[in-house]
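Work through the exercises below with the coordinates open. Try each task before reading its solution.

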Amino acid sequence: MSVLVVGSVALDTVETPAGKREEILGGSATYFSCACSYFTPVNLVAVVGEDFSPDDRRLLEERDVDLAGLQVSPGKTFRWGGSYRGDMNEARTDFTDLNVFEDFHPRIPPSYRESEYVFLANIEPGLQLEVLAQIEKPRLVVGDTMNLWIDLKPERVREVVSHLDLFIFNDAEARQLTGEVSLKKAAGEILKLGPKGVVIKKGEHGAILFSREEIFCAPALPMDRIVDPTGAGDSFAGGLVGYLAREGKTDFVSLRRAVIYGSVMASFNVEDFSLNRLRNLSRDDIEKRYQRFQNLTSF
Ligand code: AMP
């Protein structure tokens with residue numbers, strides 16, 4: 001079952017303790033698509049400028065990501081600069097150049113409108129609502145956001161959340177959006193808005209999945225070295241939604257496994273800058289790492 005993703009395709013300038021890279025391929029929809037493509041076909045809707053390079057486009061094509069919904073607009077591609085100092089769990093935004101994003105309105109191609117699995121990657125919440133208005137009732141709608149939107153447009157973010165089946169965000173965003181210190185209480189507040197499930201990511205400390213009845217705690221893989229955490233959240237979502245779409249299931253047991261596949265994809269992503277690690281995986285790499293997660297948590 002294919003997955004529709006709408007989000008950003010970006011050129012990122014990233015600085016981590018492992019080094020600095022300028023104008024490397026990034027963006028919420030890019031990381032999501034690449035991770036998800038190991039599980040199921042992906043249809044991407046986003047915008048880039050005329051400066052978007054054929055090599056970057058090829059990377060997505062090599063992962064068989066359908067680019068019929070990738071609009072090319074006059075102007076420059078969206079750019080984001082971020083750095084990590086000490087705490088690798090939280091990026092500090094150094095700059096955001098919206099460029100072609102400024103006038104972007106997602107157009108969902110007719111062939112994507114009946115997608116059963118939809119991921120609203122991190123973009124301005126008003127644009128996420130525009131996507132929802134264009135699609136038929138999907139089986140599963142999953143969404144993400146970031147601190148910037150919770151800060152600027154908390155009511156819009158809540159409106160988006162009320163339309164989701166599953167909301168994925170991190171611990172700092174959970175506290176920021178709900179005002180609750182306890183993550184369990186924060187998840188409870190989100191569940192009241194409408195979603196059937198909430199995933200709260202805690203960076204190198206794993207993730208917690210909440211439904212109204214159940215809770216599942218997933219670890220993150222202890223790593224010797226994190227090169228670049230950028231896109232970890234989006235690759236996590238890519239593995240999670242990709243697995244659910246491949247299996248055609250959304251029950252809690254499948255969601256638990258999906259959270260582990262998400263953690264697997266995020267663990268690969270942080271091993272290198274941009275999509276350098278994520279683009280070259282085999283099915284065997286993924287299954288072996290899934291097994292490592294199982295060994296890590298079975299007792
Ligand atoms: P994350 O998974 O949270 O690390 O997402 C990182 C990606 O989000 C980067 O590759 C950025 O290009 C992208 N990003 C950062 N700020 C924004 C924004 N305001 N809107 C859309 N995408 C963004």
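Three exercises follow, on a predicted model.

**Exercise 1. The ligand shell**

Find how many residues surround the ligand, and sort them by class and by element.

*Solution*

Step 1. Collect the residues with a heavy atom within 4 Å of the ligand. There are 17 residues in this shell. The closest are Ser8, Asp12, Gly27, Gly231 and Asp234.

Step 2. Look at the polar contacts. Asp12 places a polar side-chain atom 2.5 Å from an oxygen atom of the ligand. Gly27 uses its backbone: a polar atom there is 2.7 Å from a ligand oxygen. For Ser8, a polar side-chain atom lies 2.8 Å from a ligand nitrogen.

Step 3. Check the cover. On its own, the ligand has 510 Å² of accessible area, and the protein covers 86% of that.

Step 4. Assign elements. β2 (10–16), α4 (147–152) and α8 (232–247) each give two or more residues to the shell. The most come from α8, which supplies three residues.

Step 5. Sort by class. The shell holds eight nonpolar, seven polar and two charged residues.

**Exercise 2. The faces of α10**

Compare the span of helix α10 with the expected span. Then decide where its buried residues lie around the axis.

*Solution*

Step 1. Take the length. Helix α10 covers residues 283–297, 15 residues in total.

Step 2. Compare spans. From first C-alpha to last, α10 reaches 22 Å, close to the 21 Å expected at 1.5 Å a residue.

Step 3. List the buried positions. Ile286, Arg289, Tyr290 and Phe293 are buried in α10.

Step 4. Project down the axis. The buried residues of α10 fall within an arc of 105 degrees, so they line one face of the helix. The general rule behind this kind of pattern: an α-helix has 3.6 residues a turn, so residues three or four places apart point the same way.

Step 5. Turn to the other side of α10. Lys288 and Asn295 are exposed there.

**Exercise 3. Thr178**

Is Thr178 buried or exposed? Which backbone atoms does its side chain approach?

*Solution*

Step 1. Locate the residue. Thr178 belongs to helix α6, residues 171–178.

Step 2. Apply the cut-off. Buried means under 20% relative accessible area. Thr178 has 18% relative accessibility, so Thr178 counts as buried.

Step 3. Find the side-chain partners. A polar side-chain atom of Thr178 lies 2.7 Å from the backbone oxygen of Ala174. The Thr178 side chain also reaches the backbone nitrogen of Glu180, at 3.1 Å.

Notes
Residues are numbered from 1 along each chain as its sequence is written. This is a predicted model: local features need pLDDT of at least 70, side-chain atom pairs count only at pLDDT 80 or more; totals for chains, interfaces and linings use all residues. Side-chain values use heavy atoms; hydrogens and water are left out. A polar contact is a pair of N or O atoms within 3.5 Å; within protein, one must be able to donate a hydrogen and the other to accept it, and residues adjacent in sequence count only if both atoms are side-chain atoms. Accessible areas come from the Shrake-Rupley method with a 1.4 Å probe; for residues, only the protein chains shown count as cover. Helices (H or I, at least four residues) and strands (E, at least two) are DSSP runs, numbered from the N terminus. Ala, Val, Leu, Ile, Met, Phe, Trp, Tyr, Cys and Pro count as nonpolar, Asp, Glu, Lys and Arg as charged, and the others, Gly among them, as polar. The expected span of a helix is 1.5 Å times one less than its number of residues. Buried means under 20% relative accessible area, exposed over 50%, partly exposed in between (1.4 Å probe, protein chains only). The arc is that of the directions from the helix axis to the C-beta atoms.
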